[in-house]
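Colleague: Could you walk me through the main core in some detail, and then through one helix pair towards the end of the chain?

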Amino acid sequence: MPHVLIVDDDLATREALAAIIAEDGLTTAMAADLREARIQLTRQMPDVVFTDLKLPDGSGVELLEELDLRTGIEIIVITGHATVESAVNALKMGAADYLVKPINMQRLKAILSRVPRTGDLKAEIGTLRGELRRMGRFGLMLGHSKPMQAVYDQISRVAPTAASVMLSGESGTGKEVAAQTIHQLSLRRKHAFLAVNCGAISPNLIESEMFGHERGAFTGADRQHKGYFERADGGTLFLDEITEMPAELQVKLLRVLETGMFMRVGTTREIETDVRLIAATNCDPEQAVLEGRLRLDLYHRLNVFPIGLPPLRERGKDVELLAQAFLDELNEQHSTRKHLPETLREMLLGYAWPGNVRELKNYLQRAYIMSSVDSTEVAMVPLQISLARPAAGTAVTIAFGTSLAQADRQLILATLEQCGGVKTRAAEVLGISLKTLYNRLVEYNQEAQADESARA
């Protein structure tokens, strides 16, 4: 049976916590200060420690430092409204979560439902380490390189906690995959993981999308709508491109982080939510703060545990590992057994990958599509189509001053030629629907006939 140690100098708080914790079937011990807490630790090692930050003979942080090396013990810090910053600092040091006085019972219950089982979670993370050594895979992430090993170490530490995470890295480095891995290695994994691109939602709608709205809240609001915070309750909310969030909404987001409460648009009734936030940006968040695109106070709340994702060009032979994984997926989807020729592997390793993992995945799909049906190898296709300068091979050169319609026509016809006239392949390479391709070809044919008639 899990055992809990409660450290608080207020007797009423200790007894109230003990009563609620006992209802969940956990045993408890109590201490009024650090000295008594250390005595209780010698009697029975707890699975969970609830400790006030301000104690008569020191700080709960001291207890956190002493228990840091004892694996499996989860620490929940308790603080007043005026010292929430101290609680955030405690999270950075390894605390699993924090409670603000007066203690919200629903939040306490949510913490208790997660924390006592973290031992199993840490065992699972250990199993993933074995998979990493054998196959180069860590959860949903793939890679053997030292930069990725550092990322896995950070994810292993932060995933079982409730700490907010700030992911940074170039576009295409896999920030959403990292966020999903953190979620799957947390005690929230049975609840929702919702991803929101803050830059892709209209500024007029983003508040409604985040917090929901009541029927009649604005023109077109013909029914009640639950926002992301409500739908992600108990789970994880991934806010991609956080620096694109409007400033006025950043203020409301900060309030949710501080109080765990929000209001739907069109009502004054507060709704409680228990959501873990993971934010991401492809720019320097500190520079975004200096430029006024990200509030400093919100940055500190989200940046409890920062993780930087390395660009693909710094990951060495991870390029081969990822390319093979993407090809394996394509082979499985299409029941084929194609492989990467050695010359292609060398070319992949020598390329800088400005689009990172996303660009590599798209390239493998293009190379697979371009390969002949009866070939056992994927095709050697250009890594980039240049629209600015002449290039060898199958690149398309677009002269400066060419109209967009002319460039569009040249690119489509050149791609169709490279695909051997196979329209389905050409449409996939171009990233357009087959219907769109057919419409364009009909249009070009009509233009050609009109030109013929004019010359006649």
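**The core, close up**

Modeller: Sure. The largest nonpolar core has 46 residues, and those touching the most other members are Ile 155, Leu 167 and Ile 307. Such a core is a set of buried Ala, Val, Leu, Ile, Met, Phe, Trp, Tyr and Cys residues joined through side-chain atoms within 4.5 Å, with buried meaning under 20% relative accessible area (1.4 Å probe, protein chains only). Helix α7 (residues 146-158) supplies the largest share of this core, five residues; helices here are DSSP runs of H or I, at least four residues, numbered from the N terminus. This is a predicted model, so local features need pLDDT of at least 70 and side-chain atom pairs pLDDT 80 or more, while totals for chains, interfaces and linings use all residues. Numbering runs from 1 along each chain as its sequence is written, and side-chain values use heavy atoms, leaving out hydrogens and water.

Leaving aside residues up to four places away in sequence, Ile 307 touches Val 151, Gln 154, Ile 155, Val 158, Val 165, Met 166, Leu 167, Ser 168 and Ile 182 (contact means heavy atoms within 4.5 Å). Another core lies apart from this one, with 31 residues including Ile 242 and Leu 277.

Now the helix pair. Helix α17 (residues 404-418) packs against α18 at about 130 degrees, axes 9 Å apart, so the two are oblique to each other (neither under 35, over 145, nor 65 to 115 degrees). Leu 411, Ile 412, Thr 415 and Leu 416 of α17 meet Lys 423, Ala 426, Val 429 and Leu 430 of α18. In α18 (residues 423-430), Arg 425, Ala 426 and Ala 427 are buried. Just after α18, Gly 431 has a positive phi of about 75 degrees.

Technical notes
Buried means under 20% relative accessible area, exposed over 50%, partly exposed in between (1.4 Å probe, protein chains only). Axes are lines fitted to C-alpha atoms, for helices over the stretch in contact, and angles run from 0 to 180 degrees between N-to-C directions.
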